[in-house]
Amino acid sequence: MHRAIPIARLNTVLLAEAVAAELDIPNTDGRAVVQAVFDVIARAVAGGHPVAITNFGTFLPVALPARVRRNPQDGSPVEVPARQDIRFRVSPGLRATVRTADPASATIRKAPKTIRTAPAA
């Protein structure tokens, strides 16, 4: 398995290439995987459902009520209509991983579960 460490800002194209390298698949398949994940997250949150990714974070849909704000240029009141928005809450696992500042060992994978076996009779 390849351990690609980004050395610059990671955009969608570079993310897809890193995923392809990690999974040892063609770049076109990596792009398809990344886009499919983004599409599923977007559809879920647009439908009002939170998306929780263990050890990564939670995408939360938020309903913002209608309110009156002030125009900073002239101070007049402006009505802002109600709308849907999104928030992202970082998980403690990702936060701890980022704080180590070691990209070579950074992972958010859960530790594998141990397999229980029946005691010998």
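Among contacts between residues at least 6 apart in the sequence of the chain, 36% join residues at least 24 apart. The model under discussion is predicted. Its chain contains three helices and five strands, and from the N terminus these elements follow one another in the order α-α-β-β-β-β-β-α.

The overall dimensions come next. The C-alpha trace of the chain spans about 75 × 45 × 30 Å along its principal axes. The radius of gyration of the chain is 21 Å, whereas a compact globule of 121 residues would have a value near 14 Å. Of the 121 residues in the chain, 14% are buried. The accessible surface amounts to about 9,600 Å², and carbon and sulfur atoms account for 60% of that surface. As to charge, the chain carries 16 positive and 9 negative charges, and the mean positions of these two groups lie 10 Å apart.

Attention may now turn to the aromatic residues. The structure holds two aromatic pairs. In one of them, the ring centres of Phe59 and Phe88 are 4.8 Å apart; the pair is classed as tilted because the ring planes stand at 50°, an angle that is neither under 30 degrees, as stacking requires, nor over 60, as an edge-to-face arrangement requires. This pair links distant parts of the chain, for Phe59 belongs to strand β2 (residues 57–64) and Phe88 to strand β5 (residues 83–90), with their positions 29 residues apart in the numbering. Phe88 has a relative accessible area of 36% and is therefore partly exposed. Together with Phe56, the residues Phe59 and Phe88 form one aromatic cluster.

Definitions and conventions
Residues numbered from 1 in each chain as written. Predicted model: local features only at pLDDT ≥ 70, side-chain atom pairs only at ≥ 80, totals over all residues. Heavy atoms only, no water. Helix = DSSP H or I, 4+ residues; strand = E, 2+ residues; numbered from the N terminus. Rg over C-alpha atoms; globule rule 2.2 N^0.38 Å. Buried < 20%, exposed > 50% of the residue type's maximum accessible area, 1.4 Å probe, protein only. Contact = heavy atoms within 4.5 Å. Areas by Shrake-Rupley, 256 points an atom, 1.4 Å probe, with all protein chains shown as cover. Lys, Arg positive; Asp, Glu negative; His and termini not counted. Charge placed at Lys NZ, Arg CZ, Asp CG, Glu CD. Phe/Tyr/Trp six-rings, centres within 6.5 Å; stacked < 30°, edge-to-face > 60°.
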